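Biologist: I'm new to this one, so could we go through its charged contacts together? Please put it up first.

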Amino acid sequence: MSNTTPLHPSIIALVSLAANIAANHPKKGLCQIERLRGYGVTDAQIDMVVDIARHLRDEAGQMLDAEFNVESKLAVSPAPTSTACCAPAAPSAAGAESCGCTPTAKGNACC
């Protein structure tokens, strides 16, 4: 048996929301919004989680597209993007250096 303390329901709801967004789940994690507000999580905190999840989702898609283009040897133009999530960025913290994290367009660190 594990002696770990269970996660607070608000943390579980935030993780669920982020995972749904990052995975492009059809339900979008919308059911978590009212639950999070009920736990006292502010809209600003929810916005930050949504921003980071979208950033990671978009970054993963752009990286997969770039790898496809290299491996397929096709001259496929990259899809237009409103964020520079894959552009090299100066790390803002020591932890960011180790994972190659680029901040979101709103400046939120993803790691």
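Modeller: Keep in mind that this is a predicted model. Let's start with Asp-58, which has a relative accessibility of 29%.

Biologist: Is Asp-58 buried, partly exposed or exposed?

Modeller: Buried would need a value under 20%, and exposed one over 50%. Asp-58 comes in at 29%, so the class is partly exposed.

Biologist: Which residue does Asp-58 meet in a salt bridge?

Modeller: The partner is itself partly exposed, with a relative accessible area of 24%. Its side chain and that of Asp-58 meet with N to O at 3.1 Å. That partner is Arg-57.

Biologist: How many salt bridges turn up in the whole structure?

Modeller: Besides the pair of Asp-58 and Arg-57, Arg-37 bridges to Glu-34 at 2.7 Å, N to O. Arg-37 also forms a salt bridge with Asp-43, where the closest N and O atoms are 2.8 Å apart. A search of the whole structure gives three.

Biologist: Where do Arg-37 and Glu-34 both lie?

Modeller: They're three residues apart, which is about one turn of the helix. The element covers residues 31-38, and its name is helix α2.

Biologist: Glu-34, Arg-37 and Asp-43 are linked in a network of salt bridges. Which class does Glu-34 fall into, buried or exposed?

Modeller: Arg-37, at 40%, counts as partly exposed, and Asp-43, at 39%, is partly exposed too. Glu-34 has a relative accessible area of 54%. The cut-off is over 50%, so Glu-34 is exposed.

Technical notes:
Residues numbered from 1 in each chain as written. Predicted model: local features only at pLDDT ≥ 70, side-chain atom pairs only at ≥ 80, totals over all residues. Heavy atoms only, no water. Salt bridge = Lys/Arg side-chain N within 4 Å of Asp/Glu carboxyl O. Helix = DSSP H or I, 4+ residues; strand = E, 2+ residues; numbered from the N terminus. Buried < 20%, exposed > 50% of the residue type's maximum accessible area, 1.4 Å probe, protein only.
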